[in-house]
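Let's take a walk through this model together, one region at a time. Keep the sequence and the 3D view side by side as you read.

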Amino acid sequence: MTIEAYYRPETLEEALDLSAEYRSSLDIISGGTIAMPAINEGKTFPARVMDIRDLDLDFVESSNGERTLGATLTLTGVLEKIDEPFLRDAARHTGGWSIRNMGTVGGNLFSPPPLGDFAVALLALDAEIEVQQRDEQRWISLSEFYAGPKSTAIEADELVTAVRLPPIDGDTTYTKYTRSQEPARAIVTVAVNLERQDGVVETVRIALNGAGPHPVRMHEAEDILEGERLERDAIERAAEAAAEGADPPEDAIASAWYRRKMIRHHLSNALCELRNQEETK
Amino acid sequence: MSGKIVELTVNGRTVEEIVDPMEPLQSVLRNKLGNMATKTGCKQGGCGSCTVLVDGEPIVSCLLPAEAAVGTEITTLEGITPDDGLAPVQEAFRDHFAMQCGYCTPGMIMTAEALLERNPDPSRAEIEDAISGNVCRCTGYDPIVDAIEAASESMNGQGDDGA
Ligand SMILES: Cc1cc2nc3c(=O)[nH]c(=O)nc-3n(C[C@H](O)[C@H](O)[C@H](O)COP(=O)(O)OP(=O)(O)OC[C@H]3O[C@@H](n4cnc5c(N)ncnc54)[C@H](O)[C@@H]3O)c2cc1C
């Protein structure tokens with residue numbers, strides 16, 4: 001079976017028309033670093049493919065501390081255009097140099113587990129994504145977007161066009177733990193955004209990669225920490241709750257059992273690191 | 001099969017070629033245009049042996065549809081090799097025994113070229129980081145890092161002590 005058509009629309013209107021016409025018989029490729037290996041390997045045989053690289057969606061806009069990243073912004077683009085350390089950390093740990101030159105922010109949202117090393121940071125920041133189809137435009141939270149294993153809350157005729165991040169308050173930490181030297185698949189990636197008031201945790205968002213079918217928030221662990229000081233006992237209970245609540249993928253790099261152990265260990269480390277950091281007002 | 005004629009600029013020369021929908025640039029460069037330095041490797045973006053530069057940026061050409069490279073400047077190893085000898089990075093690879101089977105070498109050299117273009121005096125850690133997406137199963141990497149370090153020195157006019 002061969003690919004019948006490869007479309008390269010230059011305007012969003014054209015792209016959304018194609019999506020509306022062909023719906024699920026049209027595959028989308030952004031940077032291609034997930035889609036192309038599958039095609040090369042013969043794992044997928046799309047009839048029609050639409051490449052969205054020419055849509056001018058590789059922008060970064062900032063206003064009042066809020067940032068909007070276009071869906072086709074590459075990870076290298078993030079490093080070139082954004083100076084925020086947490087986002088840079090996440091981009092830096094997503095693939096090697098050539099992959100970062102190709103792979104995009106939008107594509108990372110769709111990566112199968114344990115990939116999603118940029119998306120996990122977006123989740124910790126409570127990002128929203130812009131979804132468009134021919135007759136409608138909407139924003140949904142990234143948590144809503146992750147509807148379940150192998151499914152997202154967008155329809156076949158919809159495109160993700162941007163990711164919006166609220167101003168970053170409080171402290172952040174990002175850790176990607178791999179078995180060998182990077183670039184390598186994550187065993188677990190931990191992304192935390194935490195706000196304190198006089199040492200007491202007011203809000204915390206813990207997002208983990210390698211702990212479920214997509215990057216996931218660890219609400220139980222968050223609940224344990226909120227209202228508490230970041231002390232040994234609370235940290236250990238939160239890390240334990242995250243390990244128990246996780247449903248880690250299993251692959252050649254790590255078993256689910258090992259990932260669970262590492263979730264506990266690395267989340268605990270990340271929280272200790274935040275405890276030792278001066279609280280940012 | 002619905003092949004399409006596209007115009008590609010490879011090593012400064014514009015050529016026309018018939019490509020299939022989504023045919024990877026790697027396959028066009030190697031199998032159709034005869035740029036044999038662009039190796040056929042894992043086809044998964046994981047080994048780096050098909051690394052070429054697109055507008056100066058290293059990319060894995062197995063993951064880029066050739067059509068998406070229309071309008072860009074593509075550079076392969078052939079494009080950096082002078083007619084009458086070797087480029088400094090190539091010489092350094094030879095002098096430092098930075099290859100055994102040689103399969104990864106063109107991709108390694110293209111990544112090294114891109115690195116030295118951006119950072120003429122990289123540290124060993126920066127070199128290791130840059131080539132971390134290029135896999136070598138023979139050398140253990142040290143000779144490759146030595147070679148890139150030496151190339152940077154010779155290109156900066158500091159000479160190579162050959163050590
Ligand atoms: C060697 C190698 C190493 C890698 N290392 C890492 C790593 O360390 N960490 C990591 O997280 N990932 C890694 N990846 C995976 C991948 O590179 C990244 O996840 C990247 O961000 C994917 O983006 P893309 O644009 O290339 O995706 P694409 O392949 O272009 O897209 C993937 C799928 O997402 C959907 N899609 C993409 N964009 C949109 C959109 N705007 N609207 C609707 N649907 C869309 C399509 O269904 C498409 O098939 C690696 C890949 C390779 C080949």
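Which residue just after α6(B) takes a positive phi? That residue is Gly157(B), with a phi of about 75°. Please bear in mind that this is a predicted model.

Stepping back into the helix itself, α6 of chain B covers residues 142-155, which makes 14 residues. At 1.5 Å a residue the helix should span 20 Å, and its end C-alpha atoms are indeed 20 Å apart, so the expected span and the model agree. Much can be said about which side chains are hidden here: Pro143(B), Ile144(B), Val145(B), Ala147(B), Ile148(B), Ala150(B), Ala151(B) and Ser152(B) are buried. As a reminder for reading such a list, an α-helix has 3.6 residues a turn, so residues three or four places apart point the same way. The cover over the buried residues of α6(B) includes α3 (88-95), α4 and α5 of chain B.

Two of those covering helices also take us to the partner chain. α4 (105-118) and α5 (124-130) of chain B, as well as β4 (57-60), each supply at least two residues of the side of chain B that touches chain A. By class, that side has 15 nonpolar, six polar and six charged residues. The contact takes 27 residues from chain B and 28 residues from chain A. About 2200 Å² is buried between the two chains, and carbon and sulfur atoms give 62% of this area. Three residues, Met22(B), Gln44(B) and Leu63(B), supply 29% of the area that chain B buries against chain A, more than any other three residues.

What about polar links across this interface? There are eight residue pairs in polar contact and one salt bridge. The side chains of Arg92(A) and Asp129(B) meet in a salt bridge, at 2.2 Å from N to O.

Over all chains, the count of salt bridges comes to 25, and a few within chain A are worth a visit. The side chains of Arg23(A) and Asp157(A) meet at 3.2 Å, N to O. Arg23(A) sits in the loop between α1 (12-22) and β2 (26-29), and Asp157(A) in the loop between β9 (151-152) and β10 (159-165), so this pair ties together parts of chain A that are 134 residues apart in sequence. Arg23(A) is partly exposed, at 38% relative accessible area, whereas Asp157(A) is buried, at 11%.

Another pair in chain A joins Arg264(A) and Glu236(A), at 3.8 Å from N to O. Arg264(A) belongs to helix α11 (residues 256-276) and Glu236(A) to helix α10 (residues 232-245), 28 residues apart, so to speak of distant parts of the chain being linked is fair. Arg264(A) is partly exposed, with a relative accessible area of 35%, and Glu236(A) is partly exposed too, at 22%. These two residues also belong to a network of salt bridges that links Arg232(A), Glu236(A), Glu240(A) and Arg264(A).

Our last stop is Thr104(A), in the loop between α5 (97-102) and α6 (105-109) of chain A. Is Thr104(A) buried or exposed? Its relative accessible area is 5%, so Thr104(A) counts as buried. A polar atom of the Thr104(A) side chain lies 3.0 Å from the backbone nitrogen of Gly107(A). Leaving aside neighbours within four places in sequence, Thr104(A) is in contact with Ser30(A), Gly31(A), Ala71(A), Thr72(A), Leu73(A) and Thr74(A).

How values were computed
Residues numbered from 1 in each chain as written. Chains lettered and ligands numbered in written order. Predicted model: local features only at pLDDT ≥ 70, side-chain atom pairs only at ≥ 80, totals over all residues. Heavy atoms only, no water. Helix = DSSP H or I, 4+ residues; strand = E, 2+ residues; numbered from the N terminus. Buried < 20%, exposed > 50% of the residue type's maximum accessible area, 1.4 Å probe, protein only. Polar contact = N/O pair within 3.5 Å; in protein donor to acceptor, adjacent residues only side chain to side chain. Contact = heavy atoms within 4.5 Å. Buried area = accessible area lost by both parts, 1.4 Å probe. Salt bridge = Lys/Arg side-chain N within 4 Å of Asp/Glu carboxyl O. Nonpolar A, V, L, I, M, F, W, Y, C, P; charged D, E, K, R; others polar. Expected span 1.5 Å × (residues − 1).
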